[in-house]
Amino acid sequence: MAGNKSYTIVEYFGGDDGYRCGYCKNQIGNFSHGMWSHTMTVQDYQDLIDRGWRRSGKYVYKPILKKTCCPQYTIRCHALKFQPSKSHKKILKKMSKFISKGELPKGEEDGESILAVWAGSSSNLRKHDSQCLLHRRLILSDSKSVPNCKLNLFNCSREWYTGMGADPSRPICRKAKDLRKERRLQKDQMRQHTDGVSSIVSPAHPAPTHTNQPKPLEEFINESLPENSSHCLEVRLVPVNFEDPQFAVSYEQSAALYARYQMAIHGDDPSECSESEFRRFLCDSPLEAEYSPDGPEVGYGSFHQQYWLDGRIVAVGVIDILPTCVSSVYLYYHPDFASLSLGSYSALREIAFTRQLQKQSPKLSYYYLGFYIHSCPKMRYKGQYRPSDLLCPETYIWVPIERCLPHLENSRYARFNQDPDAGDARVLKDVGRALVLYRRTVMPYAAYSRKRKGSSDETEVQQYAGLVGQDCAERILLYRS
């Protein structure tokens, strides 16, 4: 980053002990490496998430995919190439109907409560006796909502009748899509016959090119916010900074909404979603706010994207704006509006926001949805935001999800890069060049080891440096006591 002289400072924890998995409920099946980040640059975090790391508050963790019960693969969406699916358009239309007419969907339970994956009780996680908050190893694995897959097949309003079956005298029922294709083909043939010349060679009346272009996401979003409406929805981006007036004035309302969401959707005890827990989890970010001449106007760092409905906050999307992506951290919303599918709606808004930032910073073109967990059917919805890639856990190369899914159908763990000769481009080559912070002095690990006269922590430092890669190991400061 231009003009960036800050350092990332971390303390590494290792990852030998298993803890409870929030996906399959295995009590000791979830394994990950972790480190506490006292401060972190946005470029270092960008490089870390491109190696499978992810943050929860100031705790940064990397699942051990070969060992953990439910492997979690980093997923990203190509925001510029994204086209909303039929289900996405339905969600935007549902929001439009609510804004314009004030009608909440009835009988729909697709509000997509987020599958919050807590690693376990804090008592399990106090592995290091430290004066810092290093014991706070409470992990939330995902940021977006999970579609509620429960269907009530017995309370349908439709009435069923017995009869004689299909009428043989009537034409066979056909799909509307096939009928539209046939009508389009007939029109083309009629046009060609009228012109007397094949339209393939030289069309007499070429159709406007714009009619063949799919409608962009932004148009669908704008249509979902009509001017003359019953409600007013406003989205505000505020930096996670108590010195920022908008963040400070909305903090209490946002914290209360978080508590209400956690208790109603996840069944949390009030003590588990207190103001201090809210601050630790969603407001204490290690990322330092940064600005760059070629970056977005709002800068880089952690933000809350607040959804204000008629003057009150009804949802908050927590995001990190990084050099090449917008990374989704978490979403919480008012339970009364669960039927609006706010998880999917906010994801669509965040993709559109990424596209907006890309106009200011060309390399910022991806939307990271956190982890894709194929072994958990409820988490597969993230693969619906296409085109998308999964991160190969061995070479750290991005691979289109279509090429990854067949491997995941056969095995929970998979190497997506099928080139047997490909490897990690940033593999650790020299642990001695890794930087450490020892007694307030920055030095290479080789110098630190000489000072300590044969330090006994080389195995741990070797593991840490291998996980972050050579480049990050030479930039990030590993704290040594």
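Two residues are said here to be in contact, or to touch, when they have heavy atoms within 4.5 Å of each other. The structure on screen is a predicted model, in which local features need pLDDT of at least 70 and side-chain atom pairs count only at pLDDT 80 or more, while totals for chains, interfaces and linings use all residues. Residues are numbered from 1 along each chain as its sequence is written, and side-chain values use heavy atoms, with hydrogens and water left out.

**Stop 1: Ser365, Cys77 and Ser388**

Begin by selecting Ser365, which, not counting residues up to four places away in sequence, touches Cys77, His78, Ala79, Leu80, Thr324, Thr354 and Gln358. Ser365 sits in the loop between helix 7 (342–358) and strand 10 (366–372); helices (H or I, at least four residues) and strands (E, at least two) are DSSP runs, numbered from the N terminus. With a relative accessible area of 15%, Ser365 is buried, where buried means under 20% relative accessible area, exposed over 50% and partly exposed in between, for a 1.4 Å probe and protein chains only.

Move next to Cys77, which is found in strand 5 (residues 73–78) and counts as buried because its relative accessibility is 0%. Leaving aside neighbours within four places in sequence, the contacts of Cys77 include Phe82, Ile351, Ser365, Tyr385 and Ser388. If you also select Tyr368, you will have two residues that are 291 apart in sequence, yet 6.3 Å apart in space from C-alpha to C-alpha.

From Cys77, go on to Ser388 in strand 11 (residues 388–391), a residue that is buried, with a relative accessible area of 2%. Not counting residues up to four places away in sequence, Ser388 touches Ile75, Arg76, Cys77, His78, Gly383, Val399, Pro400 and Ile401.

**Stop 2: the largest nonpolar core**

A nonpolar core is a set of buried Ala, Val, Leu, Ile, Met, Phe, Trp, Tyr and Cys residues joined through side-chain atoms within 4.5 Å. Of the 120 residues in the largest nonpolar core, select Met35, Tyr330, Tyr332, Tyr385, Phe416 and Tyr464, which touch the most other members. Helix 7 gives the most to this core, with 8 residues. Stay on Phe416 for a moment and show what it touches beyond four places in sequence: Tyr73, Leu390, Leu391, Cys392, Pro393, Val399, Cys404 and Leu408.

**Stop 3: the cavities**

A search of the whole structure finds 4 cavities of 30 Å³ or more. On a 1 Å grid over the protein atoms alone, a cavity is a set of points where a 1.4 Å probe fits but cannot get out, and lining residues have an atom within 4 Å of a point; grid points are joined across faces, edges and corners, and a volume is the space filled by probe spheres set on the points.

The largest cavity has a volume of about 110 Å³ and is lined by 13 residues, of which Met95, Leu233, Val314, Leu340 and Leu342 lie nearest its centre. Helix 2 (86–101), strand 7, strand 8 (312–321) and helix 7 are the elements that give two or more residues to this lining.

For the second largest cavity, with a volume of about 50 Å³, select Ile49, Trp53, Arg54, Thr74, Ser327, Tyr368, Gly370 and Phe371, which line it. Strand 10 gives the most to the lining of this second largest cavity, with 3 residues.

**Stop 4: the aromatic rings**

A pair of aromatic rings is described by the distance of the centres and the angle of the planes. Rings of Phe, Tyr and Trp (its six-membered ring) pair if their centres lie within 6.5 Å, and planes under 30 degrees apart count as stacked, over 60 as edge-to-face and the rest as tilted. A search of the whole structure finds 22 aromatic pairs. One of them joins Phe247 and Tyr251, whose ring centres are 6.0 Å apart and whose planes are at 55°, so the pair is tilted. Phe247 and Tyr251 are separated by about one helical turn, because they are 4 residues apart in helix 5 (residues 245–265).

Phe247 counts as buried at 2% relative accessibility, and Tyr251 is buried with a relative accessible area of 8%. Now select Phe281 and Tyr330, an edge-to-face aromatic pair at 5.1 Å centre to centre, with 65° between the planes. Phe281 lies in helix 6 (residues 275–283) and Tyr330 in strand 9 (residues 325–333), so this pair ties together parts that are 49 residues apart in sequence.

To finish, select Phe242, Phe247, Tyr251, Tyr258, Tyr261, Phe278, Phe281, Tyr330, Tyr332 and Tyr333 together, which form one aromatic cluster.

Definitions and conventions. On a 1 Å grid over the protein atoms alone, a cavity is a set of points where a 1.4 Å probe fits but cannot get out, and a pocket is an open set with protein on both sides within 12 Å along at least five of seven lines; lining residues have an atom within 4 Å of a point.
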